[in-house]
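Reader: Could you walk me through one spot in this protein in some detail? I'd like to see who sits around a single residue, and then how that spot fits with the rest of the chain.

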Amino acid sequence: MYWSKCCLAIGLVLLLTAVSAAEPQQQPIFIESDSLKIDDAKGISTYKGNVVFRQGLDSLKADELVIYTEQRQELKKIIARGKPARFDHQAELAEERSWGEAENIVYEAQQSRVVLSGDAHFQQGDNQFSGNKIEYDADKKLVKAGK
C-alpha cells in the first residue's frame, strides 16, 4: 500500500479554524493518505483513502479530501467526504471546542463557512446540532440546521 505524507507549510486558515476564528493557525499542515494527486496549474490537491489531516491539535479524517487553492497557495475551499468525514477542533476555551461529522464537509475559506451535509452532527461546547444539513458561519457565529 502506498502511503503519501505531505507537509504543506501554507500557514492558512483551514476548515478547523472556521470554528474558532479567534485562533490564527500558523502551524504546518500534515496530510496522510493512501494516494495523492496534485494539479498545481488548477490549484487542486486530491487525497484519497484513509485521509488524516492535522494542524496542531486539530484534525480531519475522511475517505477523500480535496483542497482548492488560488494564487500564492491561498486557500479557497476544502471538501471532505466520508462515511462519515469527521473534524475535531481543540480550543483553549471549552465553549469553543467543537467537532462535527457528516458524509460531506465543505469549508469555504473566504466566507469562513462550514457546511456539513448528509447525516450531519455538530457540537460546539455544550451546544449540539443534528440534521441533514448544518451550516456554521464563523464570522457571524451563526448555526443553521435542518433538512
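Author: Happy to! Let's start with E101, which, leaving out residues up to four places away in sequence, touches P84, A85, R86, L116, D119, A120 and H121. E101 itself is found in strand β7. One of its partners, R86, deserves a closer look: E101 and R86 are 15 residues apart in sequence, yet their C-alpha atoms are 4.2 Å apart in space. Their side chains meet as well, joined by a polar contact of 3.4 Å. Do keep in mind that this is a predicted model.

Another of the residues touched by E101 is L116, and L116 leads us to the largest nonpolar core. This core has 25 residues, and those with the most contacts inside it are I31, L65, I67, I105 and L116. The elements that give two or more residues to it are β2 (29–33), β4 (44–55), β5 (58–69), β6 (75–89), β7 (98–108), β8 (113–124) and β9 (127–137). The most comes from β6, with five residues.

From the core we can move on to S45, which lies in strand β4. Is S45 buried or exposed? With a relative accessibility of 13%, it counts as buried, because the cut-off for that is under 20%. Setting aside neighbours within four places in sequence, S45 is in contact with K37, I38, L65, V66 and I67. Among these, L65 and I67 also belong to the core residues with the most contacts inside it.

Further along the chain, β9 runs antiparallel to strand β10 (residues 142–146), and five bridges join the two. Within this pairing, K133 stands opposite G146 in β10. The two strands form a hairpin with four residues between them, and K141 in the turn has a positive phi of about 55°.

Finally, a word on how far to trust the picture. The mean pLDDT of the protein is 81, with 81% of its residues reaching 70 or more. Among the elements, strand β3 (residues 35–39) has the highest mean pLDDT, 96, while strand β1 (residues 4–8) has the lowest, 31. Over residues 1–24 the pLDDT is below 50, although this stretch has 70 contacts in the model beyond near neighbours in sequence. Where pLDDT is low, the predicted coordinates should not be read in detail.

Terms used: Residues are numbered from 1 along each chain as its sequence is written. This is a predicted model: local features need pLDDT of at least 70, side-chain atom pairs count only at pLDDT 80 or more; totals for chains, interfaces and linings use all residues. Side-chain values use heavy atoms; hydrogens and water are left out. pLDDT is the predictor's confidence in each residue, from 0 to 100. Contact means heavy atoms within 4.5 Å. A nonpolar core is a set of buried Ala, Val, Leu, Ile, Met, Phe, Trp, Tyr and Cys residues joined through side-chain atoms within 4.5 Å. Buried means under 20% relative accessible area, exposed over 50%, partly exposed in between (1.4 Å probe, protein chains only). Two strands pair if DSSP finds at least two bridges between them. A polar contact is a pair of N or O atoms within 3.5 Å; within protein, one must be able to donate a hydrogen and the other to accept it, and residues adjacent in sequence count only if both atoms are side-chain atoms.
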